[in-house]
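Student: I am new to this structure. Please take me through one part of it closely.

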Protein chains: 2
Amino acid sequence: MNPGNPYELGLDKNPANYVALSPLSFLARSAQVYPHATALIYGERRQDWDTTYRRCRRLAGALAARGIGHGDTVAVMLPNVPAMFEAHFGVPMCGAVLNTLNTRLDAEAIAFMLDHGQARVLIADREFAPVLHKALSMLGERRPLVVQVDDDEAPPAAPLGELEYEQLLAEGSEDYAWQLPRDEWDAISLNYTSGTTGNPKGVVTHHRGAYLNAANNMIAWTLPHHPVYLWTLPMFHCNGWCFPWTMALVAGTSVCLRRVDPAVIFPLIREHRVSHMCGAPIVYGMLINAPAELRAGIGHKVAGLIAGAAPPLAVIEGCEAAGIELTHVYGLTEVYGPAAVCAKQPQWEGLPLDERARLNGRQGVPYPLQEAIAVLDPKTGQPVPADGQTIGEVCFRGNVVMKGYLKNPGATAEAFEGGWFHTGDLAVVHGDGYVKITDRSKDIIISGGENISSIEVEDALHRHPAVLAAAVVAQPDPKWGEVPCAFVELKPGAQVGEAELIEFCRGMLARFKVPKKIVFGEVPKTSTGKIQKFVLRDRARSSSAIE
Amino acid sequence: MNPGNPYELGLDKNPANYVALSPLSFLARSAQVYPHATALIYGERRQDWDTTYRRCRRLAGALAARGIGHGDTVAVMLPNVPAMFEAHFGVPMCGAVLNTLNTRLDAEAIAFMLDHGQARVLIADREFAPVLHKALSMLGERRPLVVQVDDDEAPPAAPLGELEYEQLLAEGSEDYAWQLPRDEWDAISLNYTSGTTGNPKGVVTHHRGAYLNAANNMIAWTLPHHPVYLWTLPMFHCNGWCFPWTMALVAGTSVCLRRVDPAVIFPLIREHRVSHMCGAPIVYGMLINAPAELRAGIGHKVAGLIAGAAPPLAVIEGCEAAGIELTHVYGLTEVYGPAAVCAKQPQWEGLPLDERARLNGRQGVPYPLQEAIAVLDPKTGQPVPADGQTIGEVCFRGNVVMKGYLKNPGATAEAFEGGWFHTGDLAVVHGDGYVKITDRSKDIIISGGENISSIEVEDALHRHPAVLAAAVVAQPDPKWGEVPCAFVELKPGAQVGEAELIEFCRGMLARFKVPKKIVFGEVPKTSTGKIQKFVLRDRARSSSAIE
């Protein structure tokens, strides 16, 4: 503020020209402009934007009447059903923070999150009654109010809570005078990272970022008004990459479903003419490998965002054949889901498929409303050269970056060191400025001072016809510091020896990158199919396991 | 800030997660992601985003080297040429405020604006040398540094300033370390309203609003990536409705032109496959009435935003036939150009043309990222009922509303009274929530306590085949307070008497709305074709003029 500057004299913020940025405004607008357009489809249910807005106000009003407000946590453990969508609006409309729980977690993890997040209410589907009964019993007196969601499509299960979701809504008024947040920096959601080791961290995001990333999804993907969006991506995963809020911005139709199953998905795509969907490569892989008769009668194109891992060639090829137009995005919970996009260049269109797959397999460039992505040298903090060779850490900076980790100042400070959010992913930058991830930082192997990407070595092993799964970790070595050690699971009936496989790798990798040791056997995975490298690292460290 | 709230503990803003919203970021991103995509076309010139970014940094660096910085004003008087586009980035990149001058103004108005806005630099096209020499001579010692833009396509004119634009750019470095604004609330531009009476008011807008409205244009219009945008709308008019910044967001191609002329426009549409354009109804009227041979060979559709007045039926019809798909938007300088859109409802598609014209002729609903539009009762400040009848004042609230009027606290306070920005336009709200403007507040006629829309009476007069132009104002009346008085200009050779025209109006208007008096003759207009109602009001008041 410079008192001599006429542009700062008597030109302050006031209620007419300054409003907190919040995705809640999108719901109010869609209900006003398109009241009778369909917001939600679930089984036989159809719900328009006007009704959705009324129900969300009821939810907010009911929560407020029960004393929930600014800074309180409301946890939900729900599949992609309408109540989950409504919670993304109704919970923040009373000032509270939405904590979406991964429905695949065990009781210990759930109990930790409910306790750490200080959840005052838990809204949950009865399918999860067994795990929740156990988790709640661990909490004792810190048990939140439990609201069960009854769903005819859910498998039979024991009752769960003090009241049913519709009963809760009936306690609230559809005229509830909800407010925008006092400050756009106020928390809107709490999402715990899965974390393969230690306690999960609670990522706190804010209204401003949710607003901007909801618009980002629209701008990056050039979403039309009224898309028909299929909920193949869990809403518990980074708030469905902010897509509940994006759907409110473009007055889209959300087609809900309890589980990702081609036998359910294809009829939904056909019946509702689904135009857009999101998911990990495994979702698209499932669709393109489904029996052809499931896909019969679908003539229109579907646009798909893909993230979670670079889309393999087979997936890109299969989707093209199946009429699914993929766009590759990249992000993580700390940046509200997608925060980078492999923006397609017009000149790529004429290239051969494998070249396009290579180009589209990169993590790319910042999302339109994200300020910057950079690959920084961990020692100097400076950007690595755009040579496609030099490895650094992927970092983000901008308004679509979390507030920090809840009650974890140490982890927060570490994540934001040097004015960038550090992802822990390692990458190179190609000549065209596109970022390409090579590894997680804790997975990198440093041998004789040289970085070895475990992904590169695993890719080489995967090319051997006998290999089903491969994971490469660092093994301590007195001479080189670390050397690559591979854990390999063979296809049923297939056979290959250690020497033969090492020789095979030599044909494809620089000598220092070739695994010094190969251990055959089943590779340990999490319930979601992620390889548990921390288990393998322990095994590699204890010589007894591998000698 | 509640110290007991865990969501506010150690979760503050920092350089990693908070960046000022500014449309300057869009330029940096397009230059990074699409460096060789075409940003500007002008005559034979083609300029890509990388070059544009470098030139804007040169401009910013050169201005900074001459001592221009935070809070200083740089005025420009330019047609829609590349330098005008570059000024929208280069000027704010050094912290300064861009003041675009209407190229049709006279020397007195220009001198007032340069003086009131304290312009330190003026960048101008030589076409305007005559008026500028006069304006600058009025300023005396307060004369700014004058930079002339030489353009081969400009008409010959005398030299104008101390140096040429390219010389100025050569003084700056393309590596100039520009900064985002210190605060997103910092001023980005100063635009003087034309104002039919009194001194113009200087509308100050900020980076945050420019960022959001640039995205608004994209979202409301579902602009694709890389549109080809024809500059039929003057960039001096509300910064071209923020479209220079929108083009940077979507990496579009701007096709520049010095003047709106069908003989220039159609070849540009054909050659560059123009996909998008903006303009007032008069621009579209000019295009659809142009000789058919000018339009030959254009097979593709063009999307057009139309604003400034409700699009008449003939324009909507003519554009449909000509392959121009219109979207009606509404706004004013104080809300960065368009801030409302007549959002098309899917169910309108099957309706007859005249019904669609009526529906699309309304001002509509808030822009996606504008918070609210409302029609408020001037007495109570409460929204009028959505009955299509009750007249109130159109008001806006949200982040796309100006900071206020420069050095004019009285006008600023008046404009923001009651927490809304008051447009001065009068309107009704239809049953579907869409706003429909009926008049400017100062043009309304209050007769016997009833409001009469001057537009409604003028519409009735326009239907008479002899009428070329009609303007209706209030005439003081001892019995009714005010009565409508019409000023009518007839078509060449046409004839109609006062009694006959009054009788004609009776067939279409309620009795109290029928003009009591009709004055024939030329209707006074401003240089931009706006009818000068204040002149007519004076005439109506002085009985000598009309008796």
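Tutor: We look at where the two chains meet, then at one helix pair. The model is predicted.

Start with how the chains relate. A turn of 180 degrees, with a shift of 0.0 Å along the axis, lays chain B on chain A with an RMSD of 0.2 Å. That is the relation of a two-fold axis.

Now the contact itself. On chain B, 53 residues are in contact with 53 residues of chain A. Four elements of chain B each supply at least two residues of the side that touches chain A: α1 (24-33), α7 (207-221), β16 (365-366) and α15 (409-415). Of these, α1(B) gives the most, with 4 residues. By class, this side of chain B has 29 nonpolar, 18 polar and 6 charged residues. The copies meet through the same surface, because 100% of the interface residues of chain B are also interface residues in chain A.

Next, turn to helix α1 in chain A. Helix α1 (residues 24-33) of chain A has an axis that comes within 8 Å of the axis of helix α2 (residues 49-65) of chain A. The two axes cross at roughly 140 degrees. That angle makes α1(A) oblique to α2(A). The crossing of α1(A) past α2(A) is left-handed.

Which residues make the contact? From α1(A) come L27(A), A28(A), S30(A) and A31(A). From α2(A) come W49(A), D50(A), Y53(A) and C56(A). By class, the contact of α1(A) with α2(A) has 6 nonpolar, 1 polar and 1 charged residues.

How values were computed. Residues numbered from 1 in each chain as written. Chains lettered and ligands numbered in written order. Predicted model: local features only at pLDDT ≥ 70, side-chain atom pairs only at ≥ 80, totals over all residues. Least-squares fit on C-alpha atoms with pLDDT ≥ 70 in both. Contact = placed C-beta atoms within 7 Å. Nonpolar A, V, L, I, M, F, W, Y, C, P; charged D, E, K, R; others polar. Axes fitted to C-alpha atoms, helices over the stretch in contact; angles between N-to-C directions. Parallel < 35°, antiparallel > 145°, perpendicular 65-115°, else oblique. Left-handed = near helix turned anticlockwise from the far one by under 90°.
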